[in-house]
Amino acid sequence: MELESVKRYLEKGGETASTVNELPLRFMEPIIMGSLRVDLIEPGRVICSMKIPPRLLNSGNSLHGGATAALVDVVGSAAIPASGHPGLTGVSVEINVSYLDAAYADEEIEIEARALRVGKVLAVISVEFRKKKTGKVFAQGRHTKYLPVASRL
């Protein structure tokens, strides 16, 4: 692929800029979280489930890797207050996802986040994605977050 065609491909989104610029702030959260249900919440652990909606599919008709990473962020972050941390859930320092298999539209999945460590300034969370029907793990994530330090003033 020549450089100019790569540039055209990446800038193709410019064609819809007026529509995109009109979207409300934080519009991604409802897109990602719209189908999410909380099944269990206990100290340091959150389990959610969802039926994969067509809006989260990639061109291969399976759950998009970016949507999976966003779910690592959202569900993983929920494990921080579930572990008893009193403040904000902080900002991401690192998100890692291993994609082991595909999950498809209308498939029921389960997402389990576990707080591996919630310290004074860092939290490390493990997130596992399973197919509900078979229990097969299709993705695993690790999320490290910087936790804001409370002001001493």
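## Exercises on strands, core and salt bridges

Strand β2 (residues 45-51) pairs with β4 in the antiparallel sense, and seven bridges join the two. The model is predicted.

**Exercise 1. Place β4 among its partners.** State how β4 pairs with β2 and with β5, and give one residue pair for each.

*Solution.*
- Step 1: take the β2 side. The pairing is antiparallel, over seven bridges. Met-50 stands opposite Ile-109 in β4.
- Step 2: take the β5 side. Nine bridges join β4 to β5, and the two run antiparallel. Ala-115 has Ile-125 in β5 as its bridge partner.
- Step 3: look at the connection. β4 and β5 form a hairpin, with three residues between them.
- Step 4: set this in the whole chain. There are four helices and six strands. Their order along the sequence is α-α-α-β-β-α-β-β-β-β.

**Exercise 2. Classify Val-121.** Is Val-121 buried, partly exposed or exposed? Find its position and its surface surroundings.

*Solution.*
- Step 1: locate Val-121. The residue lies in the loop between β4 (108-118) and β5 (122-131).
- Step 2: apply the cut-offs. Buried means under 20% relative accessible area, and exposed means over 50%. Val-121 has 36%, so the residue is partly exposed.
- Step 3: find the patch. Val-121 joins Val-91, Val-93, Leu-122, Tyr-146 and Val-149 in a nonpolar patch on the surface. Together these residues have about 520 Å² of accessible area.
- Step 4: compare with the whole chain. The accessible surface of the chain comes to about 9700 Å², and 56% of that belongs to carbon and sulfur atoms.

**Exercise 3. Describe the largest nonpolar core.** How many residues does the core have, and which elements give two or more?

*Solution.*
- Step 1: count. The largest nonpolar core has 27 residues. Those with the most contacts inside it are Leu-63, Ile-109, Ile-111, Val-127, Phe-129 and Phe-138.
- Step 2: assign elements. Two or more residues of this core come from each of β2, α4 (65-82), β4, β5 and β6 (137-146). The largest share, seven residues, comes from α4.
- Step 3: inspect one member. Beyond its neighbours within four places in sequence, Val-127 is in contact with residues including Val-72, Gly-76, Ile-111 and Ala-139.
- Step 4: widen the view. Buried residues make up 32% of the 153 residues in the chain. Of contacts between residues at least 6 apart in sequence, 64% join residues at least 24 apart.

**Exercise 4. Trace the salt bridges of β5.** Which residues pair with Arg-130, and which with Lys-131?

*Solution.*
- Step 1: recall the principle. Side chains of opposite charge can pair when their charged atoms come close.
- Step 2: start with Lys-131. Its side chain meets that of Glu-107 in a salt bridge (3.7 Å, N to O). Lys-131 is in strand β5 and Glu-107 is in the loop between β3 (91-99) and β4, 24 residues apart. Lys-131 has 11% relative accessibility, so this residue counts as buried.
- Step 3: move to Arg-130. Its salt bridge with Glu-112 is 2.9 Å, N to O. This pair links strand β5 to strand β4, 18 residues apart. Both Arg-130 and Glu-112 are buried.
- Step 4: add Glu-128. Its side chain meets Arg-130 in a salt bridge at 2.5 Å, N to O. Glu-128 is at 24% relative accessibility and therefore counts as partly exposed. Arg-130, at 13%, counts as buried.
- Step 5: join the pairs. Shared partners connect Glu-42, Arg-45, Glu-110, Glu-112, Arg-114, Glu-128 and Arg-130 into one network. The structure holds 11 salt bridges.

Key. Residues numbered from 1 in each chain as written. Predicted model: local features only at pLDDT ≥ 70, side-chain atom pairs only at ≥ 80, totals over all residues. Heavy atoms only, no water. Patch = residues over 30% accessible without salt bridge, like charges linked within 9 Å, V, L, I, M, F, W, Y side chains within 5 Å. Areas by Shrake-Rupley, 256 points an atom, 1.4 Å probe, with all protein chains shown as cover. Salt bridge = Lys/Arg side-chain N within 4 Å of Asp/Glu carboxyl O. Buried < 20%, exposed > 50% of the residue type's maximum accessible area, 1.4 Å probe, protein only. Pairing = 2+ DSSP bridges. Contact = heavy atoms within 4.5 Å. Core = buried A, V, L, I, M, F, W, Y, C linked by side-chain atoms within 4.5 Å.
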